[in-house]
Amino acid sequence: AFVKLLVAPFADSLVSSGRLSILGLRRLLSCSGFVGFGLGLCLCTLTTSPITVTASLVVAKSFCSCHAAGFKTNYLDISKKHTGSISGVGNTLATLSSTIAPLMAGTIIEQSGWNTVFFLCFVVNLVGALVFGFFSSADNLDPVG
């Protein structure tokens, strides 16, 4: 949560100065969040030290703070009128994946260990960054009038 306090004014300054468009900002922060989180998890595979693993997880979660001004705010960009519904659908899909992920992770850990889970999370986050980076939009889709 602390990192969000730093990301918000940084994001505002990038847009208000004209250095980035809203879409550019959303893409920058979302992709940074996805890739940074994935890399932080990959760092966990390089050590067995509890302190280093904990530090890697803190770094990973810190990158997730970029999502607050990234894709999570993008709901407001694409529709002012239906933001609640769009957010609800997005959060429902995220919740569904969150219910399946522990079952999959448990199976993978039993067969291959934690390193495979961390690497798989990196791949999923990298795909998320690529999809959002290439296909996101900040165009308002509400009908005019």
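The following exercises, with worked solutions, concern helix α6 and two pockets of a predicted model.

The model is predicted, so local features need pLDDT of at least 70 and side-chain atom pairs count only at pLDDT 80 or more, while totals for chains, interfaces and linings use all residues. Residues are numbered from 1 along each chain as its sequence is written, and side-chain values use heavy atoms, with hydrogens and water left out.

**Exercise 1. Helix length**

Determine what span α6 should have, and compare it with the separation of its end C-alpha atoms.

*Solution.* Helices are DSSP runs (H or I, at least four residues), numbered from the N terminus. Helix α6 covers residues 114–135, which makes 22 residues. The expected span is 1.5 Å times one less than the number of residues, and for α6 this gives 32 Å. The end C-alpha atoms are 31 Å apart, in agreement with that value.

**Exercise 2. The faces of α6**

Identify which residues of α6 are buried, and establish how they are arranged about its axis.

*Solution.* Buried denotes under 20% relative accessible area, exposed over 50%, and partly exposed in between (1.4 Å probe, protein chains only). By this criterion, Val117, Phe118, Phe122, Asn125, Gly128, Ala129 and Phe132 are buried. Viewed down the axis, these buried residues fall within an arc of 140° (taken from the directions from the helix axis to the C-beta atoms), so they line one face of the helix. An α-helix has 3.6 residues a turn, so residues three or four places apart point the same way. The buried residues pack against α2 (22–44), α4 (71–78) and α5 (83–112), contact being heavy atoms within 4.5 Å. On the other side of α6, Phe119, Val124, Phe134 and Phe135 are exposed.

**Exercise 3. Leucine 120**

Is leucine 120 buried, exposed or partly exposed?

*Solution.* Leucine 120 belongs to α6. Its relative accessible area is 35%, which means that leucine 120 is partly exposed. Its C-alpha atom is separated by 9.3 Å from that of cysteine 42, 78 residues apart along the chain.

**Exercise 4. Helices and the pocket linings**

Which helix gives the most to the lining of the largest pocket, and which helices each supply at least two residues to that of the second largest?

*Solution.* For the largest pocket, α5 gives the most, with 8 residues. Both α5 and α6 supply at least two residues each. For the second largest pocket, α2, α3 (50–64), α4 and α6 each supply at least two residues.
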